[in-house]
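Visitor: Please take me through this structure, giving the reason behind each term that you use.

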Amino acid sequence: MPDIRNIVILTGAGISAESGLATFRGPDGLWEGHRVEDVCTPEALARNPALVHRFYDERRAKLTEVTPNAAHAALAELDRAWPGELLIVTQNVDDLHERAGANRMLHMHGELMSALCAACGTSKPWHDALPPETPCPFCNAPALRPDIVFFGEMPYEMDRIDAALRDADLFVSIGTSGAVYPAAGFVQTARHIGARTLELNLDSSAGSIYFDETRTGPASVLVPDWVKEVLQL
Ligand code: OAD
């Protein structure tokens, strides 16, 4: 692909939908069954830790039943083959990108398979249920919580994301509704520095107007087609 060297890809729940993980918004979305403020805020964790831990325990258990789909596999292939800079920024807390083999990636909203100590700030891989007041293996405080960025908390690795966006020639957004900042604003940052912008989503989203191009359809089809195009296969 001419003039493209540095690529930043933002992924959202839509890329994992065909693996069997529910998205957040929409008729069967996770936020339909729960109010965000009941399960995804620091206040909710303080008020009702059992409910918050159970919500993430259920999602962690579900994650062990699903596998990456063709879209995750295609991005992993792009990561292996792309000679320029590449960063996959996922808002997803599942581990399907890394299970598909992607390396140049980060989780800006945290990870289901990780526990964070609210007392000492250390995180640790965690694959089982996480009861409230589980002691931290590092500082022993009974303060392990899901390693999820709650609403009102700062997403992870913003400096690294900003640096990658500043150098990007191409920004691609996949399977995200563009409803949650700061991720929803990445397209405008990319445009501002002159990168080309492409959206791959089931339907057009709230942010579609900011993209040079929007392609609509399932990620399992759109993403492998786009990767073939970019690798000129
Ligand atoms: P949303 O549920 O808001 O949006 C999912 C998007 O994926 C929608 O635009 C769908 O149209 C699209 N979609 C659904 N199925 C698809 C498919 N098979 N192929 C392609 N696209 C598909 O999820 P996110 O945008 O990821 O934050 O939500 C952003 C953040 O809001 C999440 O990271 C989460 C949530 O609150 C935290 O938990 C901190």
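Guide: Strands are DSSP runs of E with at least two residues, whereas helices are runs of H or I with at least four, numbered from the N terminus. The model is predicted. In these terms, E133 belongs to the loop between β5 (123-125) and β6 (144-148).

Visitor: What makes the phi of E133 a point to record?

Guide: Most residues other than glycine have a negative phi. E133 is not a glycine, and yet its phi is positive, at about 70°.

Visitor: How do you know whether the peptide bond from Y181 to P182 is cis or trans?

Guide: Omega for this bond is near 5°, and the bond from Y181 to P182 is cis. By contrast, most peptide bonds are trans. P182 is found in the loop between β7 (170-174) and α9 (186-192).

Visitor: Why are α6 and α10 called roughly parallel?

Guide: Helix α6 (residues 70-81) packs against helix α10 (residues 219-231) at an angle of about 20°, and their axes are 7 Å apart. Angles under 35 degrees count as roughly parallel; α6 and α10 are therefore given that description. Their crossing is left-handed.

Visitor: Which residues make the contact between α6 and α10?

Guide: On α6 they are A70, A71, A74, L75, E77, L78 and A81, and on α10 they are A219, S220, V223, P224, W226, V227, V230 and L231. By class, this contact has 13 nonpolar residues, one polar and one charged.

Visitor: Which of the 24 residues around the ligand come nearest?

Guide: Those are F24, R25, H109, T176 and S177.

Visitor: What makes the pair formed by H109 and the ligand a polar contact?

Guide: An N or O atom in the side chain of H109 is 2.8 Å from an oxygen atom of the ligand. The cut-off for such a pair is within 3.5 Å, so this pair counts as a polar contact.

Visitor: Where are nitrogen atoms of the ligand approached by E18 and A219?

Guide: For E18, a polar side-chain atom lies 2.9 Å from a ligand nitrogen atom. For A219, a backbone N or O atom lies 2.8 Å from a nitrogen atom of the ligand.

Technical notes: Residues are numbered from 1 along each chain as its sequence is written. This is a predicted model: local features need pLDDT of at least 70, side-chain atom pairs count only at pLDDT 80 or more; totals for chains, interfaces and linings use all residues. Side-chain values use heavy atoms; hydrogens and water are left out. Axes are lines fitted to C-alpha atoms, for helices over the stretch in contact, and angles run from 0 to 180 degrees between N-to-C directions. Angles under 35 degrees count as roughly parallel, over 145 as roughly antiparallel, 65 to 115 as roughly perpendicular and the rest as oblique. A crossing is left-handed if the near helix is turned anticlockwise from the far one by less than a right angle, and right-handed if clockwise. Contact means heavy atoms within 4.5 Å. Ala, Val, Leu, Ile, Met, Phe, Trp, Tyr, Cys and Pro count as nonpolar, Asp, Glu, Lys and Arg as charged, and the others, Gly among them, as polar. A residue is near a molecule or strand if one of its heavy atoms lies within 4 Å of it. A polar contact is a pair of N or O atoms within 3.5 Å; within protein, one must be able to donate a hydrogen and the other to accept it, and residues adjacent in sequence count only if both atoms are side-chain atoms.
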